[in-house]
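Here's a quick walk through this protein chain, from the overall picture down to a few spots worth a look. Have the structure open while you read.

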Amino acid sequence: MVDKEYIRKCRFVYGWSIREISRQCRISRQTVRKFLEDSEIPSYRLTKPRPRPVMEKWLPVIEAWLKQDEAPGVPQKQKHTSARIHERLKEEYPDEFDAAESTVRHWVAKLRNRPKEAFIPLTADAGELAEADFGKAVIKINGVSTDVSLFVMRLRNSGVPFVRAFRTEKLEAFLEGHRLAFEWFGGIPADVRYDNPKTAVTKILAGPMREEHELLSSLRAHYLFDSDFCRPGEGHEKGGVEHDVGYVRRHTCVPVPDVPDLETFNTMLLDWCTKQRNKNWSLWEQERAALRALPVHPHRCATTRPVVVNKLCLVNFDNNRYSVPSAYVGKTLLLRAYAEKIEVLDRERVVATHTRCHSRKETILELEHYLPVLAYKPHAATHAAVVRQLPEVYQRIRRRMTNSRPDGYKDFVAILLLHRVFSSQDILTAIEEIGADIVTAEQVRARLLQTGTPSSALTVPDELQHFRLMKQNPARYDSLAKGVVH
């Protein structure tokens with residue numbers, strides 16, 4: 001630019017000729033004329049396309065593969081990437097193709113020539129909009145790596161997030177995540193935006209219209225909020241929560257947390273959410289004031305279905321089997337599935353409760369459900385699956401008693417039947433105090449009666465709850481003895 005400035009000054013200020021400038025500066029007259037044309041900083045100008053000898057023969061192959069991707073029926077997430085095209089060229093033409101991946105990436109971008117999409121900054125008034133989504137994370141529970149699903153709901157105006165970890169993204173977790181989020185926020189936003197999860201949307205219609213799952217409609221009817229859905233494949237339309245899913249992972253799961261159970265991890269997540277809320281306290285106060293009030297009763301976030309109790313006192317649900325009391329064999333009951341527990345009901349009465357199993361082909365048994373059967377089939381206790389899952393101390397007693405005499409299993413069942421009156425923990429404590437190698441049912445019962453524990457374990461059956469016994473007056477017997485009838 002110094003040379004250009006000098007040349008232009010000589011010509012336009014001092015009146016030198018182009019020939020004289022060329023001779024004095026030792027620059028060709030053509031270059032002098034070029035400098036005189038404009039005063040801009042010189043830049044390189046490509047007059048003809050650069051040669052591409054390495055890629056020239058491969059561009060038609062790449063174009064053909066890209067056209068195949070546009071054919072109907074090709075999954076959106078299974079199309080060629082630049083890296084995959086480079087891999088295929090190396091695999092299918094090992095002796096001919098030797099271009100670098102960066103070169104392939106450059107020409108794939110040119111061939112696609114995708115225009116950049118324009119985006120619009122989004123905002124919302126206080127209490128107007130929340131965004132909800134699921135994301136995956138890995139944690140350790142008692143040292144074992146476990147995949148969990150993070151339900152994240154973010155208030156758009158204040159940016160305050162709520163996070164809850166579930167073992168699944170099924171409908172029950174989706175519903176319970178809403179209930180817990182609304183309760184933690186202390187109110188309900190007017191609108192909640194989603195992408196198009198199968199748990200919430202049964203069919204995508206034209207434009208913004210959707211066929212929602214009936215349980216999502218039930219949830220909306222209870223909490224009175226509206227639902228809004230992004231365009232298919234356009235999750236950026238709820239970019240706030242999309243960003244928050246990754247933000248939560250990076251700030252709560254790095255390094256990978258090792259916790260005793262999922263509830264402990266959820267407590268950690270709530271503490272983190274509280275800190276995020278405190279950072280945006282002024283906006284949060286405005287948002288909280290604009291949220292709608294919670295209903296008096298929380299929504300029951302569960303799916304229900306009828307189940308038949310088979311001969312093994314089991315009901316089937318979600319590729320697992322759960323035990324129920326033996327009195328219900330052959331009957332049809334109602335199973336209510338929550339995100340983390342299972343309830344089995346006889347009409348409105350809960351007859352069995354289990355922690356929900358998220359693996360497959362598992363059998364979850366409760367000893368109390370089989371005690372009436374063991375009472376008249378005691379020999380089954382020697383190999384009963386529900387007995388074999390008891391703590392090892394019970395197995396030592398079983399082996400000792402069944403080996404002592406042919407009908408020793410009856411003595412063992414007598415100990416098991418104590419579970420109908422006393423709690424499992426109290427019985428186990430009494431056994432450990434007495435000693436597994438000498439304990440008998442009579443000793444355990446005597447020890448528990450001394451400690452006064454049975455009263456807490458006894459329950460009155462529901463069918464007897466409405467009966468009330470009147471306190472009797474002994475003076476009535478005196479009147480009867482005298483022949484007076486009242």
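## The chain as a whole

A residue counts as buried when its relative accessible area is under 20%, and as exposed when that figure is over 50%. With that cut-off, buried residues make up 40% of the 486 residues in the chain. Keep in mind that this is a predicted model.

The chain holds 19 helices and 15 strands. If you take the contacts with a separation of 6 or more, 60% of them join residues 24 or more positions apart. The surface comes to about 29900 Å² of exposed area, with carbon and sulfur atoms supplying 52% of it.

## Helix α3 and its two sides

Start with α3, which runs over residues 29–37. Its buried residues are Val 32, Phe 35 and Leu 36. They sit on the same side of α3, because the arc they cover around the axis is only 100°. That fits a general rule: an α-helix has 3.6 residues a turn, so residues three or four places apart point the same way.

What do the buried residues of α3 pack against? Their partners are α1 (2–12) and α2 (18–25). Flip to the face turned away from the buried side and you'll find Gln 30, Lys 34 and Glu 37, which are exposed.

## Helix α8 and its cover

Now go to α8, residues 214–223. Here Leu 215, Leu 216, Leu 219 and Tyr 223 are the buried ones. Looking down the axis of α8, you'd see them fall within an arc of 105°, so they line one face of the helix. On the other side of α8, Glu 214 and Ala 221 are exposed.

The cover over the buried residues of α8 includes α7 (171–185), together with the strands β4 (191–194), β6 (210–212), β7 (226–229) and β9. Just past the end of α8, Leu 224 has a positive phi of about 60°.

## Two buried strand residues

Thr 303 belongs to strand β9, which spans residues 303–308. Buried or exposed? Thr 303 is buried, because its relative accessible area is 12% and the cut-off is under 20%. Setting aside neighbours within four places in sequence, Thr 303 is in contact with Leu 171, Glu 172, Leu 215, Leu 335, Arg 336 and Ala 337. Leu 215 is also one of the buried residues of α8. As for Leu 171, the C-alpha atoms of Thr 303 and Leu 171 are 8.0 Å apart, although 132 residues separate the two in sequence.

Ser 323 is in strand β11 (residues 320–323). Ser 323 counts as buried because its relative accessibility is 0%. Beyond its neighbours within four places in sequence, the contacts of Ser 323 include Cys 313, Leu 314, Ala 352, His 354, Ile 364 and Tyr 370.

## The second largest pocket

The second largest pocket has a volume of about 340 Å³. It is lined by 16 residues, and those closest to its centre are Leu 312, Tyr 370, Ala 384, Ala 385 and Val 386. You've met Tyr 370 already, as a contact of Ser 323.

Which helix gives the largest share of this lining? That's α12, with three residues. Both α12 (371–376) and α13 (385–388) supply at least two residues each. Sorted by class, the lining of this pocket has twelve nonpolar residues, one polar and three charged.

How values were computed
Residues numbered from 1 in each chain as written. Predicted model: local features only at pLDDT ≥ 70, side-chain atom pairs only at ≥ 80, totals over all residues. Heavy atoms only, no water. Helix = DSSP H or I, 4+ residues; strand = E, 2+ residues; numbered from the N terminus. Buried < 20%, exposed > 50% of the residue type's maximum accessible area, 1.4 Å probe, protein only. Contact = heavy atoms within 4.5 Å. Areas by Shrake-Rupley, 256 points an atom, 1.4 Å probe, with all protein chains shown as cover. Arc of directions from axis to C-beta. 1 Å grid on protein atoms, 1.4 Å probe; cavity = no way out; pocket = protein on both sides within 12 Å on 5 of 7 lines; lining within 4 Å. Points joined across faces, edges and corners; volume = space filled by probe spheres on them. Nonpolar A, V, L, I, M, F, W, Y, C, P; charged D, E, K, R; others polar.
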